[in-house]
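Subject: Handing over a structure, with notes

Dear colleague,

I am passing on the structure below, together with some notes on what was found in it. Please read them with the model open beside you.

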Amino acid sequence: MLHDIIDKLTGRDEADKKIEGTVILMKKNVLDFNDFNASFLDRLHELVGRRVSLQLISAVNGAPENGGKLGKEAYLEDWITKIAPLTAGEVSFKVTFDWQEEIGVPGAFLIRNNHHSEFYLKSLALEDVPGEGRVHFVCNSWVYPADKYQKDRVFFSNKTYLPSETPKPLIRYREEELVSLRGNGTGELQEWDRIYDYAYYNDLGNPDKSLEYARPVLGGSSEYPYPRRGRTGRPPTETDPNTESRLELLMSLNIYVPRDERFGHLKMSDFLAYALKSIAQVLTPELQSLFDKTPNEFDNFQDVMDLYEGGIKVPDGILKSIRDNIPAEMLKEIFRTDGEQLLKYPPPQVIQEDRTAWRTDEEFAREMLAGVNPVIIRLLQEFPPTSKLDPEVYGDQTSTIKEEHIKNNLDGLTIEEAIKNNKLFILDHHDAFMPYLRRINSTDTKTYASRTLLFLKNDGTLKPLVIELSLPHPDGDKFGAVSKVFTPAEQGVEGSIWQLAKAYAAVNDSGYHQLVSHWLNTHAAIEPFVIATNRQLSVLHPIYKLLQPHFRDTMNINAFARQILINGGGILELTVFPGKYAMEMSSVVYKDWVFPEQALPAELLKRGVAVKDSNAPHGLRLLIEDYPYAVDGLEIWSAIKTWVEDYCSSYYKTDESVQADTELQSWWKELREEGHGDKKDEPWWPKMQTVQELIDTCTIVIWIASALHAAVNFGQYPYAGYLPNRPTISRRFMPEKGTPKYSELESNPDKVFLETITAQLQTLIGISLIEILSRHATDEVYLGQRDTPDWTTDTIPLQAFQKFGKKLAAIEDRIMEMNNDENLKNRVGPVKIPYTLLFPTSEGGLTGKGIPNSVSI
């Protein structure tokens, strides 16, 4: 007792008190099997006292201008003896801090890595902190050796503060961290840089290779507006100072993104990166040389089926070259080699139950509501359909579809009655492609701009009425279009012509899907939000914590895309019909991009497929009741919106609190003026002056990154892995009466069909690609999940998040129930694929379901 009193009086008790901490990290050598050198040097540095040090920063004591009081340095213990297990990867280290009363409760810590190589820091947990108990720091960041940084790295505890509520001792650290993430806008960025900055899409072309590979700069002009991408700072090309130089293909994996935005080591996307590289690097040239020697066509549908049933045999020499260039485990994953049968793919769902159901009119129409591009079909409100193209430039582009083409197919209604009763719908790709058709058709592609009219039957399904295929007038654009109209037929040459007309419409839809619905509206549109959030919102900010999971891996997959897929001469140009004009076409479409219209309810109203109805669930009544994408989408949208409302309203009690949030206002200003800078003067941007505007904005961002991307991405292999169902290219025009091809339609219609659509080489490359892009990583994090339970300490958000998870589980049950309801014919269809693209969770692999939190593939 006396000892205790003396200790108290002399302060000896405090001096001896220790705080135990646990650090979880992954050593570099676990993630990089070849870097044993790094592992050895790290141990050497430990031996000579160059260790990993940590210092606690007080959240209660210290002047704002100097930052919180710093504790004494403490070191990670037992680095040398802890050899990381190669499987799990995570290693736990003890760290012991001397307790100093003036530190009080720590709100952050500094870490200094004096080793030779970087490590991935997951978390620090402190136990029994006096007056506080457990303090948890979620880090999830690469920490490079100290000489790579101007200042030691700082990490904050998992508390959440609006800028005005930040504990004074932490203000300086909060502000300095944001400054360092913004960089100074100059120089080429290196892998250890943590800089988030903006650039135009000026790295798609390669004019130094040849003029054929030059591409326009997208972004920064009224001619080619575009969202911004992450800056890399590579020097310009020699040929064109406005074009950024490109990395060699072999270096594709090294394209700069901030290190913490790179794919996690577990993710099959590390494998995905190799797979993409393999396709671009090895498979494409090898197959090209093979097919140039023996220009292989699919002669019949059995040839196509062989891709899934037997595989395509490839000569020995080529097989050896591919085996030499692709690591064995990749080969096993991508190409399933079995003796000589190199290219064999899993059968896509669209042909698993029935090999021919894809050819029915009902399935062709149903996929506009439940396929991979269910976001285009709209209500037809005028007949004949009109064009929005400028008549001064393009002449009269009004449709040539006449009453006699469709009047006998309207179940007894007149056209006026069908329009009045909301029975007519259109899949309209006419205006998007017409301005480019003349140029596109000067290449190997031969295609049309299409309009497809559909009728809503009493059983809730759609039937195609007519397809119009248009070409630019041979005498010049101002003379309008030359169009042909095709109507449904089942037998003989007319039946074969109708199948071809549907294929041309599908080619249009495939191209628009890849370039606009998928790339532009999800991948490209979301990247500026990733950059602005990291530059302007501190990790302590509630909106950072809300949005950050929805940005995982997006910058990385987009950087790979610029390197391998959407670049000049890349896989997209090779496999999708607009070819070299693909990306600039998507920029023309971006001129009409409106942020508030990305909200699902607004988007459905805009297309006329829903009307406002206060008595209907979600306040909208769908005009096609059995519209699986819209039905499931509205449920998911509503769940996201409720979660965002619950979350935001726990931090922002008044509109004034939104207006007074300096970080939030800087974020929103930069997002508009920089990230989507070509749209900065648009009147439709939310002003970010009210809690409601904040809720609406965050709901849209989460919707785009999660559900919208899932709906247009993960159905690619199930529906388009069988290319006759979703051809991406057409190589011949429709056969004309009196020509040999027309006669061949009578004798061998399948051969003519297959010679018209995507060739064998492009088919193999295309399905190799979409097989990879349709897969879920094994460590994917889905909507309603977080990668750590410790993402916040705040009770109301944690309860709201739990409620969100329960709501999503209920939606899953409802989806299964609807898929078993035989009255809902569009949910399964003739091909017997239940609609699960908006089913929230999934296992890894090719599943055709699951909504990842982010645009992660």
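Is His 618 buried, partly exposed or exposed? With a relative accessible area of 36%, His 618 is partly exposed. Please keep in mind throughout that this is a predicted model. His 618 sits in the loop between β18 (610-612) and β19 (620-622), and its phi is near 65°, a positive value in a residue other than glycine.

A similar note applies to Asp 128, which has a positive phi of about 55° although it is not a glycine. Asp 128 belongs to strand β6 (residues 119-129), and it is exposed, with a relative accessible area of 60%. A further backbone detail is the cis peptide bond that joins Phe 383 and Pro 384, with omega at about -5°; Pro 384 lies in the loop between β13 (378-379) and α11 (391-394).

For the chain as a whole, the secondary structure comes to 29 helices and 19 strands. The protein chain has 857 residues, of which buried residues make up 59%. Among the contacts in the chain with a separation of 6 or more, 75% are accounted for by residues 24 or more positions apart.

Two pairs of helices were examined. Two packed helices are described by the angle between their axes and the distance between the axes.

In the first pair, helix α21 (residues 628-651) and helix α29 (residues 795-819) have axes that come within 9 Å and cross at roughly 175°. That angle makes α21 roughly antiparallel to α29. The residues of α21 that take part include Val 631, Ile 636, Ala 639, Ile 640, Trp 643 and Tyr 647, while those of α29 include Ile 796, Phe 801, Phe 804, Leu 808, Ile 811 and Met 818. Sorted by class, the contact of α21 with α29 has 16 nonpolar, two polar and five charged residues.

In the second pair, the axes of helix α15 (residues 492-536) and helix α23 (residues 662-675) come within 9 Å and cross at roughly 145°, and α15 passes α23 in a right-handed crossing. From α15 the contact is made by Pro 528, Phe 529, Ala 532, Thr 533, Arg 535 and Gln 536, and from α23 by Glu 663, Ser 666, Trp 667, Trp 668, Glu 670, Leu 671 and Gly 675. By class, this contact of α15 with α23 has six nonpolar, four polar and three charged residues.

Helix α15 also appears in the surroundings of helix α14 (residues 430-440): the buried residues of α14 pack against β14 (424-428), β15 (449-456), β16 (462-472), β17 (481-486), α15 and α19 (582-590). Those buried residues of α14 are His 430, Phe 433, Met 434, Tyr 436, Leu 437 and Ile 440.

Finally, I would point you to Thr 756, which is found in helix α27 (residues 749-756). Thr 756 is buried, with a relative accessible area of 3%, and its side chain reaches the backbone oxygen of Val 752 at 2.7 Å. Leaving aside residues up to four places away in sequence, Thr 756 touches Leu 500, Tyr 504, Ile 729, Ser 730, Arg 731 and Arg 732.

With best wishes

Terms used: Residues are numbered from 1 along each chain as its sequence is written. This is a predicted model: local features need pLDDT of at least 70, side-chain atom pairs count only at pLDDT 80 or more; totals for chains, interfaces and linings use all residues. Side-chain values use heavy atoms; hydrogens and water are left out. Axes are lines fitted to C-alpha atoms, for helices over the stretch in contact, and angles run from 0 to 180 degrees between N-to-C directions. Helices (H or I, at least four residues) and strands (E, at least two) are DSSP runs, numbered from the N terminus. A crossing is left-handed if the near helix is turned anticlockwise from the far one by less than a right angle, and right-handed if clockwise. Contact means heavy atoms within 4.5 Å. Ala, Val, Leu, Ile, Met, Phe, Trp, Tyr, Cys and Pro count as nonpolar, Asp, Glu, Lys and Arg as charged, and the others, Gly among them, as polar. Angles under 35 degrees count as roughly parallel, over 145 as roughly antiparallel, 65 to 115 as roughly perpendicular and the rest as oblique. Buried means under 20% relative accessible area, exposed over 50%, partly exposed in between (1.4 Å probe, protein chains only). A polar contact is a pair of N or O atoms within 3.5 Å; within protein, one must be able to donate a hydrogen and the other to accept it, and residues adjacent in sequence count only if both atoms are side-chain atoms.
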